[in-house]
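Biologist: Please take a close look at one part of this model, starting from a single residue, and then place that part in the rest of the chain.

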Amino acid sequence: MREVQNILCPVDFSDATARQLHFAADLCLLFNARLILHHNLEALGPGAGVGWMWAASHQGPPSEAAAEERLNALLAEVPDGIVSEARLTHGPTASSVLIVNELVNADLIILTNHGSQREDHGSITEQILERSRAAVLALHEASVDHAVPRFASPGEARQGILVPASFSETSTAAVDFAFGLARRLALDIHLLHIEPSKSHADEPATALADEERRRLRDLVPQELAERARIHVIAGDPALEIAAQAERLDVSLIVMGEHTRTSLRRWFTHDTGRAVLHRAHCPVWYVPGEAPT
């Protein structure tokens with residue numbers, strides 16, 4: 001598992017910011033990573049709806065001086081031992097995040113998805129997922145995430161994470177990354193393979209299901225075998241991943257992101273988008289070229 005060395009945390013100063021910063025700090029301590037806080041000043045045009053970089057309840061975006069002051073206040077809250085800095089930009093939000101991502105060589109971007117599903121104005125999280133080379137940890141509002149992972153206390157009781165596996169290269173990268181986390185934290189890994197079907201009541205054929213279970217077990221490192229759970233079901237992957245996460249009461253979904261590859265089995269953009277909007281826990285997207 002390659003180390004996560006630089007974590008980019010774009011913040012909007014909304015109520016979600018403190019929670020987002022808490023996750024980022026815990027992961028910086030876990031990986032001994034550098035933290036980069038980022039805020040983008042963008043004036044919203046008429047009809048743009050709720051801006052990702054500013055809460056709807058606010059009267060307008062802060063001035064540059066006020067934004068700098070708030071970023072410095074957030075830096076003061078970062079725990080001792082974490083190397084941190086702040087970046088302030090102007091421009092289209094998704095592009096600004098991606099530019100800062102390249103400048104600081106971020107391995108991971110931590111976002112809060114505020115739930116925009118407008119067809120004519122895709123959410124900033126989705127745009128970053130499509131265009132970023134870094135891994136993305138997408139949080140939801142606190143009222144949406146029924147369960148959350150704990151990264152700060154490796155000695156605590158085990159928690160579960162769900163890893164959809166399609167046996168593609170990107171999927172395998174996500175599986176490897178999840179087991180890397182399990183070596184650092186008290187985690188049970190639920191490996192899930194879904195055979196696409198038209199009916200959610202359908203079950204995979206017995207022989208096929210047995211073969212898929214064998215292939216999933218072959219992905220499990222021997223030293224972590226006791227903490228791996230294998231699941232093979234039939235259904236629509238775009239729906240079943242979030243549903244199984246709820247049923248298994250996991251605190252995190254770790255999945256491959258295929259939007260930049262020509263191989264699109266069932267981790268397509270639509271699948272990633274459906275999971276993002278349906279899940280009630282954070283989703284960690286691991287592209288093939290991201291740290292694994």
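Modeller: The model is a predicted one. R278 is located in helix 8, which covers residues 269–278. Its relative accessible area is 46%, so R278 is classed as partly exposed. Apart from neighbours within four places in sequence, R278 touches A238, L239 and A242. For L239 the C-alpha to C-alpha distance to R278 is 7.9 Å, with the two positions 39 residues apart in sequence numbering.

A second arginine can be described in the same terms. R87 belongs to strand 3, residues 84–90. With a relative accessible area of 28%, R87 is partly exposed. Once neighbours within four places in sequence are set aside, the contacts of R87 are I36, L37, H38, H39, L71, V100, L103 and V104. The C-alpha atoms of R87 and V100 are 7.8 Å apart, and the two residues are 13 apart in sequence.

V100 falls within the range of helix 3, residues 93–104, whose axis comes within 9 Å of the axis of helix 4, residues 124–131. Two packed helices are described by the angle between their axes and the distance between the axes. The crossing angle here is roughly 45°. Helix 3 and helix 4 are therefore oblique to each other, since an angle counts as oblique when it is neither under 35 degrees, nor over 145, nor in the range 65 to 115. The crossing of helix 3 with helix 4 is right-handed. On the helix 3 side the contact is made by T93, A94, S95, V97 and L98, and on the helix 4 side by I124, Q127, I128 and R131. Sorted by class, this contact has five nonpolar residues, three polar and one charged.

I128 of helix 4 also appears among the contacts of V136, a list that, without neighbours within four places in sequence, consists of L108, I109, L111, I128, L129, V283, W284 and Y285. V136 sits in strand 5, residues 135–140. V136 is buried, because its relative accessible area is 1% and the cut-off for buried is under 20%. Its C-alpha atom is separated by 8.7 Å from that of P287, and the two residues are 151 apart along the chain.

Two loop residues have a backbone feature to note. N32 has phi near 55°, a positive value in a residue that is not glycine. N32 lies in the loop between helix 1 (16–31) and strand 2 (34–41). The relative accessible area of N32 is 68%, so N32 is exposed. F167, likewise not a glycine, has a positive phi of about 70°. F167 lies in the loop between strand 6 (159–164) and helix 5 (169–184). Its relative accessibility is 15%, so F167 counts as buried.

As for the rest of the chain, the protein contains eight helices and ten strands. Of its 292 residues, 55% count as buried. The exposed area of the protein is about 12,900 Å², with carbon and sulfur atoms supplying 48% of that area. Among contacts between residues at least 6 apart in sequence, 81% join residues at least 24 apart. The pair R278 and L239, at 39 residues apart, and the pair V136 and P287, at 151, can be set beside the value of 13 for R87 and V100.

Technical notes: Residues are numbered from 1 along each chain as its sequence is written. This is a predicted model: local features need pLDDT of at least 70, side-chain atom pairs count only at pLDDT 80 or more; totals for chains, interfaces and linings use all residues. Side-chain values use heavy atoms; hydrogens and water are left out. Axes are lines fitted to C-alpha atoms, for helices over the stretch in contact, and angles run from 0 to 180 degrees between N-to-C directions. Helices (H or I, at least four residues) and strands (E, at least two) are DSSP runs, numbered from the N terminus. A crossing is left-handed if the near helix is turned anticlockwise from the far one by less than a right angle, and right-handed if clockwise. Contact means heavy atoms within 4.5 Å. Ala, Val, Leu, Ile, Met, Phe, Trp, Tyr, Cys and Pro count as nonpolar, Asp, Glu, Lys and Arg as charged, and the others, Gly among them, as polar. Buried means under 20% relative accessible area, exposed over 50%, partly exposed in between (1.4 Å probe, protein chains only). Accessible areas come from the Shrake-Rupley method with a 1.4 Å probe; for residues, only the protein chains shown count as cover.
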